[in-house]
Amino acid sequence: MNNNIEEIVKEAILQIKTADLKTVENIKIKYLGKNGALTQILKSLSNFSAKDRKNIGSKANSAKSVIENEIESRKETLRKTLLEEKMQKEKLDYSSDFYFPFSKGSFHPIMQTIQDICSIFKSLGFSVAQGYEIETQWYNFEALNIPKNHPARDVQDTFYLEGTEELLRTHTSPGQIHVMESQKPPVRVIVPGRVYRNEASDATHFSTFHQIEGLAVDEDITFVDLKAVLSDFIHKFFGYGIDISFRPSHFQFTEPSAEVDVQCVFCNGKGCRVCKNSGWIELLGCGIVHPNVLKAVNYDSEKYTGYAFGLGVERITMFKYGIDDIRLFYENDLRFLKQF
Ligand code: DAH
């Protein structure tokens, strides 16, 4: 009888190991049910001697709990596997149109241009800094060698904050001053950001727009470095086929100063309405940092030289994609934005 119980347990375990949920229930009935093999044994105990009864009884009872445990753990395994299979099959693809019937978002063209330009300058060894949209007159003007009463401070162009000495920055150039105040040379940085001008809007002007300022200060920096870096940037941004021209100009914070023109992207230099038949369009301003600017941040202007540049993000985006009205960037018409 003892052997018999052990055999029963072995046999049961073997069956349980490979059973599915339904078979496992049948096995339970077969061994532990009303007429199950072990139940039969327990029922027949009265036929045995007192000694055997105790012995067989306890063996049969522990066999019962072994089989019960096996069945429970098999059921648990089966449940888990079934759940996993189900989850695999029913895995939701949230990117599918069924779950997300709205079109996916994308970056605004202005943001895209800022990102593109930043990554080109990063590849040339520049870091990216942030300036402040609310500035003092010192950062926006004086430190940049724009003295009081200079026409660039014309009240027409600047939004002053009532009752304060502060204003909305009219360009990203004050970013140069903050960077130089916070670090010693060498400096290679670009500062993208929003700027404000108090002027009426038309196809090429808007009271809020974006600029990217660039600044490099080190020993022995010359105009050649400026030309090389800007030419490389323009070629990477517009393509290597485009013609570039540096034209003398004037900015208070650079000396000498230049404006960079590129071959008109609308007519390939043949002459059109946009380039006023000149074949060239003006892209950005630049120059060698004026010694007064270096002095304003306590840089040794005998030891260090630098170059700076500033470009309009809306303008360069319009050139790149052939957009003829700056206001399109701010109307946020989805038919326009979806093209980018
Ligand atoms: N701040 C100038 C503007 O708003 C742009 C500019 C020109 C920035 C020449 C510069 C520069 O750093 O060197 O029109």
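**Exercise 1. Describe how the chain is packed and how far it extends.**

Solution. Buried residues, meaning those under 20% relative accessible area with a 1.4 Å probe and protein chains only (exposed is over 50%, partly exposed in between), make up 41% of the 340 residues in the chain. The model is a predicted one, in which local features need pLDDT of at least 70 and side-chain atom pairs count only at pLDDT 80 or more, while totals for chains, interfaces and linings use all residues. Residues are numbered from 1 along each chain as its sequence is written, and side-chain values use heavy atoms, with hydrogens and water left out.

Next, count the elements: the chain has 12 helices and nine strands, where helices (H or I, at least four residues) and strands (E, at least two) are DSSP runs numbered from the N terminus. The radius of gyration of the chain, taken over C-alpha atoms, is 40 Å, well over the 20 Å from the globule rule (2.2 Å times the number of residues to the power 0.38), so the chain is more spread out than a compact globule. Along its principal axes, the C-alpha trace spans about 120 × 45 × 45 Å.

**Exercise 2. Work out which residues surround the ligand and which polar atoms approach it.**

Solution. Begin with the shell, in which a residue counts as near if one of its heavy atoms lies within 4 Å of the molecule; of the 15 residues around the ligand, His171, Ser173, Arg197, Gln211 and Glu213 come nearest. Strands S5 (208–218), S8 (280–289) and S9 (305–312) each supply at least two residues of this shell.

Then look for polar contacts, which are pairs of N or O atoms within 3.5 Å. A nitrogen atom of the ligand is 2.9 Å from an N or O atom in the side chain of His171, and an oxygen atom of the ligand is 3.3 Å from an N or O atom in the side chain of Gln176. From the backbone, an N or O atom of Ala308 lies 3.2 Å from an oxygen atom of the ligand. Taken alone, the ligand exposes 360 Å² (Shrake-Rupley method, 1.4 Å probe), and the protein buries 88% of that area.

**Exercise 3. Place Thr222 in the fold and classify its exposure.**

Solution. Thr222 is located in the loop between S5 and helix H8 (223–238). Because its relative accessibility is 37%, Thr222 counts as partly exposed. Leaving aside residues up to four places away in sequence, Thr222 touches Ile288 and Tyr307, contact meaning heavy atoms within 4.5 Å. Finally, Thr222 and Tyr94 are 128 residues apart in sequence and 54 Å apart in space, C-alpha to C-alpha.

Methods. A polar contact is a pair of N or O atoms within 3.5 Å; within protein, one must be able to donate a hydrogen and the other to accept it, and residues adjacent in sequence count only if both atoms are side-chain atoms.
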